[in-house]
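Trainee: Please take a close look with me at the salt bridges of this model. I would like to follow them from partner to partner and learn where the residues sit.

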Amino acid sequence: MKNLRFALLTGLGLLAATSLRAQSELNSFSIVGRGGVANTFASDYQAIGINPANMARMNNAVVAFSIGEGGVGVSSASLTRSQVWKFLRNTDQTLTRADKLELARAFTSDNTLNFNADVTTVAVSASFPVLGSFAFSNRQRLSGHMALNQNAAEILFLGQEAPIYANYNPTTSPLITESLAGTQFQGTWYNEFNFAFARRLITLPLFRLSGGVGYRYIQGVGIVDVRIEPGKIEAYSAMSPLFDIDYGKVVNSTSFNLEKRANGLQPVGKGNGFDLGLAMEAGKMLRASLSLTDLGHMTWEGNLLTASDQKLKKLRSNGVDNYDFLSEATKIFASGTDSVFVYQPSQEHTASLPTKLRAGAGLRVTNRLEVGLDVTVPLNEVAGNITSPFVGAGIDFKPNKFIRLSSGVAGGAGYGFALPLGVAFTTNLYEFGVSTRDLPGLLADKNPYASVAAGFVRFRFGEIKD
């Protein structure tokens, strides 16, 4: 159980997209089916975190709610599908020396392993004449990324036998920023409570403009953020008691805010986030959307450890010895007593949220066909954000009134080119479906990308009219 919980953060948070970050809104099966294209398509409560102004557009439901939508995605630019599969299934299989050497080579990459997961436990939106549109949701958002230079990969799998430790002398050992430059080990787990409001600002016969604002109260369940560059380092972690970490003698420090009890998703950090958006409609066909999301910051206080540049410390262990490598990797790079860092207890650390600029344009050709273009640009470099712009084109097509097919093309945000596919079963009252962000990546062995999103029940009542 301990290893499972450890892997949950450093796996569900240790793999997102692009240098740690993940673009796709995996809590929505319809958005995943378009490869992450969402800026003009998202409506009702699904517009939370994308563009709250979309909630006030025409043709949205008067009332919509869900009791479960979510998804998960895993990708790698250096591992094969069979290797990733072994990490998921063969966690107790012992690694041979040959296995360790092979994995050390495979893990030497600036995009070794990415993962993100989004689960919306409950969501509801409602529109009222004059007042506007309101929405609420609870969301579990996990993301992460691993990138290792050759020294870091060899330390991870060979431990004290890594070549860099040959003739090791603690007084002449190289600095972390020299020996591990290019290494990133990041993961976040947020428990979010989202509120959004939208209202029509301008209503003309052939032009409508809506504005929206979103607020989220965020509980930080855990974070690991290690980024090493030549002459520069960022390294801190704060983990909920859920992960049952042994902090050793650090707990006796007056600078360490120890959280002992694990009461559900007991937070070790908190924050406030804001979204701002505008949505335009021209006639009955053209739509445009512009938004800023995740403005704000997180403050981490519980079980907080930080590290600065220092001489590389030699491990006592022989590194990872089985396919359950995530818990061992966390100990080596994040907060273990046998770590390449000497961590210090801290009282507080503040970090910005992963702010993005999102823009899109869409064309509602008929009631059965809609197309759209998306661009999402990261505005900072923090855990949970994408590291390069996302660009995509998406399409929704209904061959009949009960089936909606989604597809498109997408690229950037660390995942590369993607060809998505989604299928939804719809009625006037509810819909449910399943999708994948990249069908070829789901089947590929080299540089695999696997994602699956599902919506169990999404109910919609009525339709917003002018």
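Mentor: Gladly; let us begin with a term we will need often: buried means under 20% relative accessible area, exposed over 50%, and partly exposed in between, with a 1.4 Å probe and protein chains only as cover. Please keep in mind that this is a predicted model, in which local features need pLDDT of at least 70, side-chain atom pairs need 80 or more, and totals for chains, interfaces and linings use all residues. Residues are numbered from 1 along each chain as its sequence is written, and side-chain values use heavy atoms, without hydrogens or water.

The structure holds 15 salt bridges (a side-chain nitrogen of Lys or Arg within 4 Å of a carboxyl oxygen of Asp or Glu). A good place to start is Arg 216. At 2% relative accessibility, Arg 216 counts as buried. The salt bridge between Arg 216 and Asp 275 has its closest N and O atoms 2.7 Å apart. Arg 216 belongs to strand S6 (residues 207-229) and Asp 275 to strand S8 (residues 269-282), so this pair ties together parts of the sequence that are 59 residues apart. Strands (E, at least two residues) and helices (H or I, at least four) are DSSP runs numbered from the N terminus. Like Arg 216, Asp 275 is buried.

Arg 216 also forms a salt bridge with Asp 294, where the closest N and O atoms are 3.0 Å apart. Here too, distant parts of the chain are linked, with Arg 216 in strand S6 and Asp 294 in strand S9, 78 residues apart. For your orientation, strand S9 covers 286-300. Asp 294 counts as buried because its relative accessible area is 3%.

From Asp 294 we can step on to Lys 356. The closest N and O atoms in the salt bridge of Lys 356 with Asp 294 lie 4.0 Å apart. Lys 356 is placed in strand S13 and Asp 294 in strand S9, so the pair connects parts that are 62 residues apart in sequence. Lys 356 is buried, and so is Asp 294. Now the wider picture: through salt bridges that share partners, Arg 141, Glu 192, Arg 216, Asp 275, Asp 294 and Lys 356 are joined into one network.

Asp 294 deserves another look, this time at its backbone. Its phi is near 60°, which is a positive value in a residue other than glycine, and the residue lies within strand S9. Asn 303 makes a useful companion. Phi of Asn 303 is near 50°, again a positive value in a residue other than glycine. Asn 303 sits in the loop between S9 and strand S10 (304-307). The relative accessibility of Asn 303 is 2%, so Asn 303 counts as buried.

For contrast, turn to Phe 425 in strand S17 (residues 421-426). Phe 425 has a relative accessible area of 41%, so this residue is partly exposed.

If you trace the path again on screen, go from Asp 275 to Arg 216, from Arg 216 to Asp 294, and from Asp 294 to Lys 356. Along that path you pass through strand S8 and strand S6, then strand S9 and strand S13.
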